[in-house]
Amino acid sequence: MKNIDFKFTDDGSLGLYNKIVDDIYHASSGAYSESYEKFILPSEYSELFKEKDEINILDICYGIGYNTKSVINEFVKKYNNRGKKINITSIEIDKNLVFLSPFVKVPQYDNFIKDIMCFFIANQFQEDFVNYIKAIINNKLYYNYLDNSLYNSNKNIFLHNIYYQYISDSSKNGTLIRLLKSINIDFIIDDARQFIKKTNKSFDVIYLDAFTPIKSPKLWTFEFIKLLKEHMTFNSKLITYSISSSYRNTLINNGLALGNIINNKKNKIIGTIASLNNNLIKYPLNEYELGLLNTRCGVMFHDKSLNLEDNEIINNREIYINNNDIQSTSSYIKKYKGSKKWKNMM
Ligand SMILES: C[S@@+](CC[C@H](N)C(=O)[O-])C[C@H]1O[C@@H](n2cnc3c(N)ncnc32)[C@H](O)[C@@H]1O
């Protein structure tokens, strides 16, 4: 955790920054809002629940859990008690972030979110989780950023509660028991590439929230997306905040239909949605955006055996670009924006 800085974002929810990758975990305009607008809204759960009673969700790059928690928040508020169920598989390589996740300050979530996350984490990680929380309380770590009840209540009572409220079956509170009938979360602490190789599950909704492709391409490669596709059904949705041309080209080369995710209020493109079902794509790419994919910025990242480091993947792409005659992105933009087509589009 030495390499991570904590900072509140503009909507009051906590955001993180990674000094090694030199990348943010969350948008400074609002970590919670970003998750809600870029991941939850485009999933269209109301439509999904018309077709199915049980939805399987894959949250790749759980971090401190905004996407998983926002799905649960939405589910409990709108679909709970209607015979519906959600199963979430949340993957994260950094276990400590998962352990901190129930306690990070996010004013938009109700208290039940903390209880649900604690329940699943405590059940799965038991002593490991309890000892981590004990160290946080003992050393008053991250005091300004975590729920203050963690430090203010008697430490032993708090840890006792983790054990008996969340781990022991006998004393779960009534509300929690009701929620647990319709929600399941499996945490996977691993490199997402290795998990996807091993699992035989398929998912209705996949959230891909990895660091920016250009800085950390390992979860944006042709081979990783090819493998992800094997875990999608015809109507599955693959959703990300990224609008990278390289990633979009990767989707097309894997035979997926894709389109923009648009924030209509701000009239802004905020992400990319992909599916095998073309009918699920509301805002397909226009001619200009498709043309960009054939320029240098559209060159895909490769990781054939799914175990390369980011710098190796970046270097291999650089070598490919230097050895091939690919139109420069800036000359394409200049040419296109000087054309009649562009003026007509404006
Ligand atoms: C942009 S942040 C995701 C933020 C997150 N969705 C949240 O709500 O906090 C990217 C996350 O990916 C994790 N990560 C990086 N490489 C990974 C890998 N190969 N497999 C799984 N997780 C990875 C990082 O530890 C980091 O938490």
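Which of the 20 residues around the ligand come nearest? Select Cys61, Gly63, Tyr66, Ile93 and Ala192, and you have them. Keep in mind as you go that this is a predicted model.

**Stop 1: around the ligand**

Stay with the ligand for a moment and show the whole shell. Two elements give two or more residues to the shell: helix H3, residues 66–78, and strand S5, residues 85–92. Now colour the shell by residue class. You should get 12 nonpolar residues, three polar ones and five charged ones.

**Stop 2: zoom out**

Bring the whole protein back into view. You are looking at 16 helices and 10 strands. The radius of gyration is 21 Å, close to the 20 Å that the globule rule gives for 346 residues, so the protein is as compact as a globular protein of that length. Turn the view along the principal axes, and the C-alpha atoms fill a box of roughly 70 × 45 × 40 Å. Of the 346 residues, 37% count as buried. The chain also makes plenty of links across its sequence: among contacts between residues at least 6 apart, 71% join residues at least 24 apart.

**Stop 3: the largest nonpolar core**

In soluble globular proteins, nonpolar side chains tend to be buried together. Here the largest nonpolar core has 72 residues. Select Ile57, Ile60, Ile121, Ile206 and Tyr207, which have the most contacts inside this core. Then highlight helix H5, residues 111–125: H5 gives the most to the core, with eight residues.

Pick Ile57 first; you will find it in strand S4. Is Ile57 buried or exposed? Ile57 counts as buried because it has 24 C-beta neighbours inside 10 Å, where 20 or more is the cut-off. Leaving out residues up to four places away in sequence, Ile57 touches Val71, Ile86, Ile88, Phe203, Asp204 and Val205. For a sense of scale, draw a line from the C-alpha atom of Ile57 to that of Ile313: the two residues are 256 apart along the chain, and the line spans 28 Å.

Next, click on Ile206. Which residues is Ile206 in contact with, leaving aside neighbours within four places in sequence? The list is Leu58, Ile60, Leu228, Met232, Ser236, Leu238 and Ile239.

**Stop 4: strand S7 and its partners**

Select strand S7, residues 203–208. S7 is mostly covered, with six of its six residues buried. Look for strand S4, residues 54–60, which pairs with S7 in the parallel sense over four bridges. On that side, Ile57 has Val205 of S7 as its bridge partner. Strand S8, residues 232–240, also pairs with S7 in the parallel sense, this time over five bridges. To see one of the linked pairs, show Tyr207 together with its bridge partner in S8, Ile239.

**Stop 5: an open sheet**

Now move to strands S1, S2 and S3. They form an open sheet of three strands in the order S1-S2-S3, with antiparallel pairing. Strands S1 (4–8) and S3 (23–24) stand at the edges, and each has a single partner strand, so one side of each is left without a neighbour in the sheet. Strand S2, residues 14–18, is joined to S3 by two bridges. Show Tyr17 and you will see Ile24 of S3 opposite.

The loop between S2 and S3 holds Asp22. Asp22 has a positive phi of about 55° although it is not a glycine. It is exposed, with 11 other C-beta atoms within 10 Å.

**Stop 6: another positive phi**

Jump to Gln126, in the loop between H5 and helix H6 (127–138). Gln126 is not a glycine either, but it has a positive phi of about 40°. How exposed or buried is Gln126? It is partly exposed, with 14 other C-beta atoms within 10 Å.

**Stop 7: helix H12**

Finish at helix H12, residues 245–253. Seven of its nine residues are buried, so H12 is largely enclosed by the rest of the structure. Select Ser245, Ser246, Tyr247, Arg248, Asn249, Thr250 and Leu251 to show the buried ones. What covers them? The cover includes helix H11 (222–229), strand S9 (257–263), strand S10 (268–275) and helix H13 (287–292). Step just past the end of H12 for one last residue: Gly255, with a positive phi of about 75°.

Definitions and conventions: Residues are numbered from 1 along each chain as its sequence is written. This is a predicted model: local features need pLDDT of at least 70, side-chain atom pairs count only at pLDDT 80 or more; totals for chains, interfaces and linings use all residues. A residue is near a molecule or strand if its C-beta atom, placed from the backbone, lies within 6 Å of it. Ala, Val, Leu, Ile, Met, Phe, Trp, Tyr, Cys and Pro count as nonpolar, Asp, Glu, Lys and Arg as charged, and the others, Gly among them, as polar. The radius of gyration is taken over C-alpha atoms; the globule rule is 2.2 Å times the number of residues to the power 0.38. A residue is buried if 20 or more other C-beta atoms lie within 10 Å of its own, exposed if 12 or fewer, and partly exposed in between; C-beta atoms are placed from the backbone. Two residues are in contact if their C-beta atoms, placed from the backbone, lie within 7 Å. A nonpolar core is a set of buried Ala, Val, Leu, Ile, Met, Phe, Trp, Tyr and Cys residues joined through C-beta atoms within 7 Å. Two strands pair if DSSP finds at least two bridges between them.
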